[in-house]
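Biologist: I am new to this model and would like a close look at one part of it. Please keep to a single pocket and the strands that go with it.

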Amino acid sequence: MDTNLATPRVRSGRVVIAGGGLAGQRCAEALRRKGFDGQITIICAEARRPYDRPPLSKELLEQAPLGDAPSFRSVEWYERESVQLSLGVSATDLVPGERRLSLSDGSSLRYDWLVIATGSRPRRLPLLDGYDNVSVLRTLDDCQRLRDALAQRPRLAVIGAGFIGQEVAATARRLGLSVTMIEAAPCPLIGVLGVQLGEWFERLHREEGVEMLMSRTVDGVSANGTVRALRLSDHSVVEADHIVVGVGVEPDIAWLHDSGLTVDGLIPVDPHGRTAADRVLAIGDAAATFDPLAGRHLPGSHWEAAGRQGTRAAHVILGLPPGPAPVTSFWTDQYGIRIQYLGRAHLADSVQYDGEPDSRSFTATFLRAGRAVAALLVDRPRALPAARKLIEKGTS
């Protein structure tokens with residue numbers, strides 16, 4: 001494909017976007033904005049218009065029940081832009097050679113271009129499946145159920161000290177709940193940020209009143225219809241009225257098992273989102289993008305990068321230059337502190353600090369051979385543009 005053209009080569013045809021998250025929504029918007037006048041169909045597994053997920057573990061978890069999700073666009077926008085939404089329907093099978101996508105309602109769609117943006121789903125713990133007082137958090141329905149549970153002021157146990165688990169714990173503490181966090185690793189986020197910063201997150205929650213139980217797993221439960229206590233690997237017992245499982249996510253791509261696109265549970269794509277199949281792109285959490293610095297495909301993508309991947313996918317479809325690959329990024333709000341993360345810290349061989357790393361305001365820059373590959377900004381939102389530029393240029 002010639003990506004040096006200044007004007008679109010493709011203006012018509014049918015684009016099907018499987019997935020109603022941020023990446024798919026941004027792809028549809030960019031297609032219309034750049035002059036595509038063909039058919040656009042977004043397949044949404046939930047019976048709601050595409051909406052923003054980050055608030056689910058933050059402000060929406062504290063608010064009174066909402067009648068509708070915080071949608072990206074209004075009903076009128078989809079009508080005006082002639083973007084068809086298929087709500088409450090999910091993709092079930094793909095035959096790339098026939099350019100045919102099968103759906104859960106028994107129908108199928110033909111496409112000229114397919115964008116796979118089905119996102120991810122929460123990992124579950126089989127030991128805790130089937131109990132009413134055990135939650136995961138991925139959808140608005142999950143958020144509403146958890147919010148109703150928190151309103152009863154339970155003793156809350158959070159399993160997993162990743163960003164979602166930490167945000168739920170922080171929100172619950174703001175609501176005045178008793179919270180215990182259980183993590184298998186020695187400290188939160190050690191695999192992403194290393195020991196020193198992982199211990200910073202642990203101290204943050206301890207200082208805010210969360211009981212932090214590190215290097216422990218859940219080995220058993222005491223239950224009578226609902227879970228009453230968790231038995232941990234060190235033989236201790238945590239009593240709880242409600243449990244949130246936040247042990248990570250996995251790409252929601254099981255429906256592609258016969259498509260020939262997946263390798264070891266991932267969809268490998270090039271830096272522009274192209275899969276092994278002609279005219280099939282994958283973006284967001286569904287894709288594992290080749291990272292030249294790591295020399296391999298890396299799964300997952302955070303919120304901002306997913307949105308930019310959607311725009312890049314539209315450019316690929318239209319034959320426009322896709323632009324530079326986005327830097328993966330994430331932000332979290334905990335205890336009134338904005339924490340922002342960019343890049344891939346696990347590639348680093350050293351860390352430099354601007355500010356005191358034991359405080360609640362500092363920047364940690366992760367370096368590989370003296371060049372920036374990631375940054376963590378704690379209560380320094382104004383430093384974000386400079387940090388992003390440093391990583392994008394790979395400068396020292």
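Which element gives the largest share of the lining of the second largest pocket, and how many residues does that share hold?

Modeller: This is a predicted model, in which local features need pLDDT of at least 70, side-chain atom pairs count only at pLDDT 80 or more, and totals for chains, interfaces and linings use all residues. Residues are numbered from 1 along each chain as its sequence is written, and side-chain values use heavy atoms, without hydrogens and water.

Helix 7 gives the largest share of that lining, with 4 residues. Helices (H or I, at least four residues) and strands (E, at least two) are DSSP runs, numbered from the N terminus. The second largest pocket (an open set of points on a 1 Å grid over the protein atoms alone where a 1.4 Å probe fits, with protein on both sides within 12 Å along at least five of seven lines) has lining residues with an atom within 4 Å of a point. About 730 Å³ of space lies in this pocket, a volume filled by probe spheres set on points joined across faces, edges and corners.

Two or more lining residues come from each of strand 20 (287-291), helix 7 (303-318), strand 26 (371-378) and helix 8 (384-393). The lining of the second largest pocket has 35 residues in total, and Asp 291, Pro 292, Ala 325, Pro 326 and Val 327 lie nearest its centre. By kind, the lining holds 17 nonpolar residues (Ala, Val, Leu, Ile, Met, Phe, Trp, Tyr, Cys and Pro), 9 charged (Asp, Glu, Lys and Arg) and 9 polar (the others, Gly among them).

Strand 20 deserves a further word. Of its 5 residues, 4 are buried (under 20% relative accessible area with a 1.4 Å probe, protein chains only), so strand 20 is largely enclosed by the rest of the structure. Strand 20 has bridges to strand 18 and to strand 21 (two strands pair if DSSP finds at least two bridges between them). Strand 18 (residues 267-269) runs parallel to strand 20 and is joined to it by 3 bridges. Within that pairing, Thr 289 of strand 20 stands opposite Val 269. Strand 21 (residues 296-299) instead runs antiparallel to strand 20, with 4 bridges between them. Here Asp 291 faces Arg 296 of strand 21, standing opposite it. Asp 291 thus appears in two settings: it is among the residues nearest the centre of the pocket, and it stands opposite Arg 296 in the antiparallel pairing.

Technical notes
Buried means under 20% relative accessible area, exposed over 50%, partly exposed in between (1.4 Å probe, protein chains only).
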